[in-house]
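This note is addressed to a colleague who is meeting the structure for the first time. Its points proceed from the overall picture to individual residues.

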Amino acid sequence: MSTFSGEPHTYVGGYENMLTEICTAIVNGDEQGSDDDLATITGHPRLIVLHVLRQLDGNGLLKLSQAIGPTTRYYGVSPKLRRLLD
């Protein structure tokens with residue numbers, strides 16, 4: 001799923017697999033959740049999960065609610081994200 005570009009591809013080994021696993025967890029899970037939920041489900045660091053969520057938000061594939069505090073919530077997952085995984 002090489003839809004996204006950025007530095008993690010260069011510096012984080014296995015980033016492409018992490019990206020796919022996080023996106024798969026989003027489309028196969030509930031319509032909404034948090035970065036902490038995804039980190040627990042996938043076993044990937046929250047910082048990586050948060051980076052992916054911000055990329056997805058920036059590409060219009062979901063929406064984020066970033067309140068003051070440690071948790072970022074996602075909602076409004078686009079059907080386009082599911083199609084990108086096929």
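1. The model is predicted, and the remarks below should be read in that light. As a starting place on the surface, Asp-30 may be taken: this residue sits in the loop that links helix H2 (15–28) to strand S1 (33–34). With a relative accessible area of 59%, Asp-30 is exposed.

2. Asp-30 belongs to a patch of negative charge on the surface, where it gathers with Glu-31, Asp-36 and Asp-37.

3. Regarding the overall architecture, the protein has 5 helices and 3 strands. Read from the N terminus, the order of these elements is α-α-β-α-α-β-β-α.

4. The protein has 86 residues, of which 37% count as buried. Its exposed area is about 5,100 Å², and carbon and sulfur atoms supply 48% of that area. Where contacts join residues at least 6 apart in sequence, 48% of them link residues at least 24 apart.

5. Which residues form the salt bridge? Asp-35 pairs with Arg-46, and their closest N and O atoms are 3.1 Å apart. Asp-35 belongs to helix H3 (residues 35–42) and Arg-46 to helix H4, so the pair ties together parts that are 11 residues apart in sequence. In general, side chains of opposite charge can pair when their charged atoms come close. The count for the model comes to 1 salt bridge.

6. The two partners of this bridge may also be described by their exposure. Asp-35 is buried, because its relative accessible area of 2% falls under the 20% limit. Arg-46 has a relative accessible area of 31% and is therefore partly exposed.

7. Leu-53 deserves separate attention. This residue is placed in helix H4 (residues 46–58) and is buried, its relative accessible area being 0%. Apart from neighbours within four places in sequence, Leu-53 is in contact with Ile-26, Asp-35, Leu-38, Leu-62, Leu-64 and Tyr-74. Asp-35, the acidic partner in the salt bridge with Arg-46, is thus also one of the contacts of Leu-53.

8. A distance may be added for Leu-53. Its C-alpha atom is 8.6 Å from that of Lys-63, and the two residues are 10 apart in sequence.

9. Is Ala-39 buried or exposed? Ala-39, a residue of helix H3, is buried, with a relative accessible area of 12%. When residues up to four places away in sequence are not counted, Ala-39 touches His-44, Arg-46 and Val-49. Arg-46, the basic partner of Asp-35 in the salt bridge, is therefore among the residues that Ala-39 touches.

10. Ala-39 can also be placed relative to Ile-22. The two residues are 17 apart along the chain, and 8.3 Å separates their C-alpha atoms.

11. The final point concerns Ser-78, which is found in the loop between strand S3 (73–75) and helix H5 (79–85). How does this loop residue compare with the limit for burial? Buried means under 20% relative accessible area, and Ser-78, at 18%, is buried. Setting aside neighbours within four places in sequence, Ser-78 is in contact with Gly-60 and Leu-61.

12. Two loop residues may be set side by side in closing: Asp-30 is exposed, whereas Ser-78 is buried.

Note on methods
Residues are numbered from 1 along each chain as its sequence is written. This is a predicted model: local features need pLDDT of at least 70, side-chain atom pairs count only at pLDDT 80 or more; totals for chains, interfaces and linings use all residues. Side-chain values use heavy atoms; hydrogens and water are left out. Patches are made of residues with over 30% relative accessible area and no salt bridge: like charges are joined within 9 Å, nonpolar side chains (Val, Leu, Ile, Met, Phe, Trp, Tyr) within 5 Å. Accessible areas come from the Shrake-Rupley method with a 1.4 Å probe; for residues, only the protein chains shown count as cover. A salt bridge is a side-chain nitrogen of Lys or Arg within 4 Å of a carboxyl oxygen of Asp or Glu. The place of a charge is taken as NZ of Lys, CZ of Arg, CG of Asp or CD of Glu. Helices (H or I, at least four residues) and strands (E, at least two) are DSSP runs, numbered from the N terminus. Buried means under 20% relative accessible area, exposed over 50%, partly exposed in between (1.4 Å probe, protein chains only). Contact means heavy atoms within 4.5 Å.
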